[in-house]
Amino acid sequence: MNDMQTMTAETRLSNDAAPKMTARDVSVYYGAKKAIDCVSIDVSQEHVTAFIGPSGCGKSTFLRTLNRMNDTIANARVDGAIELDGENIYAPSMDVVQLRARVGMVFQKPNPFPKSIYENVAYGPRIHGLAAGRSEMDAIVEQSLKRAGLWEEVKDRLQESGTALSGGQQQRLCIARAIAVEPEVILMDEPCSALDPIATAKIEELIHELRGRYAIVIVTHNMQQAARVSQRTAFFHLGNLVEYGETSEIFTNPRVERTKDYITGRYG
Amino acid sequence: MATTTGHTIKAFDQDLNQLRANIAEMGGLAEAAIADSMRALVRRDPDAARIVIENDAKLDALEVEVERLAVQIIALRAPMADDLREVVAALKIAGLVERIGDYAKNIAKRVHAIEGSSELRPLSLLPEMARITGEMVHMVLDAFVQRDSKKAVEVCERDRAVDDFYNSLFRTLLTFMMEDPQNITAATHLLFVAKNLERIGDHATNVAEMVYFAATGTHLGERERGEDPVGLS
């Protein structure tokens with residue numbers, strides 16, 4: 001019997017050799033209110049995983065449990081087990097700062113520091129002591145900006161302020177900032193909802209290029225975006241994980257009525 | 001399978017309903033064309049045959065309309081899951097039903113060709129074969145509108161009866177031709193008529209396969225077939 005069969009949600013996936021992250025029976029409470037109810041899911045290294053669902057379904061809340069962003073909310077409590085490469089991330093011995101370097105995050109609104117483009121990317125490697133000198137740091141900044149597809153646009157003005165860039169460029173700068181500390185997982189919380197279609201397409205292309213190097217989990221309201229960028233899709237509803245499967249299957253032949261009603265636009 | 005609740009965007013439901021209505025109308029026209037062409041053949045009525053031939057233009061026009069609407073729905077509504085499968089199925093079904101109309105038209109065209117020939121005994125078997133194929137077309141389009149996969153499977157099973165009919169007619173017509181070479185021209189036309197009906201049965205079966213796919217999301221497995229139509233090996 002494999003792990004998949006113990007999951008409560010309708011899950012139809014080929015088993016991965018070893019999932020990058022696993023969540024088992026995870027519940028999240030805000031005070032007395034249960035926001036996430038007993039969610040079990042595997043996140044794979046090779047695939048982009050999309051979380052979809054209506055507002056308030058818990059998808060962002062759940063995403064934040066994966067790098068303990070919920071720790072910053074005073075009355076939030078997480079039950080269950082979440083592991084990164086088999087290591088319990090809620091264990092007392094876990095260094096949260098280190099965890100968030102390994103599991104990076106990109107937010108809905110681009111939030112570059114009010115510093116230069118260079119400093120935005122160099123900040124993480126510096127506090128984590130990843131660069132031995134100026135030239136190593138230059139190399140990290142260049143490589144991160146290249147991977148984020150921004151290098152060609154900013155290489156001649158690295159000292160300009162990050163906040164002076166366009167929205168789409170700012171978001172790619174935030175992705176470069178996340179990449180700079182060599183994370184293993186990148187969480188994206190509606191990374192394109194503040195961007196125009198062209199900037200969105202660039203981010204989507206970037207996600208495609210980053211796939212495989214990092215495990216990527218993206219929360220999106222835009223179902224077409226989930227269909228375009230992910231290989232696996234998880235549908236959340238009212239704090240439950242309803243269905244999790246191959247994206248191509250979820251969007252052409254979902255097995256659960258609630259999933260179907262949501263993705264075909266019959267919800268509510 | 002039919003979903004009871006409508007879409008949040010009502011115009012989407014209207015588009016899908018219009019698509020279903022167009023397909024249903026095509027089915028009705030094709031069914032009538034089969035029956036009318038056979039009646040014209042049995043009665044040797046060239047005027048009735050001409051009406052069948054003229055009416056085929058309506059089917060062609062509806063097929064174009066279904067294509068236009070389906071492409072519009074895909075572009076503007078971005079249908080997903082069962083909606084997407086239904087639109088794709090509608091596109092293919094429209095093409096198949098249009099071909100069914102062409103076969104009926106071809107039967108009507110042969111009415112003129114057998115004019116003046118003597119009594120054609122095998123002709124008596126054709127109306128029953130036409131009745132079964134017409135029923136298949138009727139059933140399969142009901143199944144489409146109702147998203148009824150069971151009914152679609154029933155249609156596939158019926159195709160065996162049509163194939164049996166064809167095999168039996170093939171032998172009968174061959175015997176008829178051997179009895180008297182003067183029968184060959186008329187008998188050959190009847191053989192084509194039988195072949196047309198056999199093809200209509202196959203197309204109805206293909207429609208049934210699309211209906212099954214639209215309703216369930218899976219493809220109908222390779223079903224057990226009846227004896228293959230003769231003359232193929």
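**Close-up views of a predicted model**

**View 1. The annotated PhoU spans of chain B.** In the unreviewed UniProt entry, the annotation "domain: PhoU" covers residues 23-111 and 127-211 of chain B. The structure shown here is a predicted model, and in it the span of residues 23-111 of chain B is 94% helix and 0% strand, with its end C-alpha atoms 28 Å apart. For residues 127-211 of chain B, the helix content is 93% and the strand content 0%, while the end C-alpha atoms lie 27 Å apart.

**View 2. The largest nonpolar core, with 73 residues.** Leu41(B), Ile93(B), Leu126(B) and Leu197(B) are the residues with the most contacts inside this core. Two or more residues are given to the core by each of helix H1 (10-43), helix H2 (46-77), helix H3 (81-113), helix H4 (126-146), helix H5 (149-179) and helix H6 (184-216) of chain B. H6(B) supplies the largest share, 16 residues. When neighbours within four places in sequence are left aside, Leu197(B) is in contact with Ile34(B), Met38(B), Ile107(B), Leu126(B), Met129(B), Ala130(B), Thr133(B) and Val162(B). A second, separate core of 46 residues includes Tyr118(A), Ile203(A), Leu206(A) and Phe235(A).

**View 3. Aromatic pairs in chain A, drawn from the six that the structure holds over all chains.** The ring centres of Phe51(A) and Phe62(A) are 5.7 Å apart and their planes stand at 45°, so this pair is tilted. Phe51(A) belongs to strand S4 (residues 48-52) of chain A and Phe62(A) to helix H1 (residues 59-65) of chain A, so that the pair links distant parts of the chain, 11 residues apart. Both Phe51(A) and Phe62(A) are buried. A further pair, Phe235(A) with Tyr262(A), is stacked, with 5.1 Å from centre to centre and 25° between the planes. Because Phe235(A) lies in strand S10 (residues 232-237) of chain A and Tyr262(A) in helix H10 (residues 257-263) of chain A, this pair ties together parts that are 27 residues apart in sequence. Phe235(A) counts as buried at 1% relative accessibility, and Tyr262(A) is likewise buried, with a relative accessible area of 10%. Ring pairs also link Phe51(A), Phe62(A) and Phe236(A) into a cluster.

**View 4. Arginine side chains over aromatic rings in chain A.** The charged end of Arg77(A) sits over the ring of Tyr29(A), at 4.2 Å from the ring centre. In a second arrangement, the charged end of Arg177(A) sits over the ring of Phe113(A), at 4.3 Å from the ring centre.

**View 5. An open, antiparallel sheet of four strands in chain A.** The strands follow the order S3-S2-S5-S6 in chain A. Strand S3 (33-43) and strand S6 (87-88) of chain A stand at the edges, and each has a single partner strand, so one side of each is left without a neighbour in the sheet. Strand S2 (residues 21-30) of chain A is joined to S5(A) by eight bridges, and these two strands run antiparallel; in this pairing, Arg24(A) has Ala81(A) in S5(A) as its bridge partner. Two bridges join strand S5 (residues 76-84) of chain A to S6(A), again in an antiparallel arrangement, and Asn88(A) in S6(A) is the bridge partner of Glu83(A). S5(A) and S6(A) form a hairpin with two residues between them, and Asp85(A) in the turn has a positive phi of about 50°.

Conventions
Residues are numbered from 1 along each chain as its sequence is written. Chains are lettered from A and ligands numbered from 1 in the order in which they are written. This is a predicted model: local features need pLDDT of at least 70, side-chain atom pairs count only at pLDDT 80 or more; totals for chains, interfaces and linings use all residues. Side-chain values use heavy atoms; hydrogens and water are left out. Rings of Phe, Tyr and Trp (its six-membered ring) pair if their centres lie within 6.5 Å; planes under 30 degrees apart count as stacked, over 60 as edge-to-face and the rest as tilted. Buried means under 20% relative accessible area, exposed over 50%, partly exposed in between (1.4 Å probe, protein chains only). A charge sits over a ring if NZ of Lys or CZ of Arg is within 6 Å of the ring centre and within 35 degrees of the ring normal. UniProt positions are given in the numbering used here, feature names are shortened, and annotations may be inferred rather than shown by experiment. A nonpolar core is a set of buried Ala, Val, Leu, Ile, Met, Phe, Trp, Tyr and Cys residues joined through side-chain atoms within 4.5 Å. Contact means heavy atoms within 4.5 Å. Two strands pair if DSSP finds at least two bridges between them.
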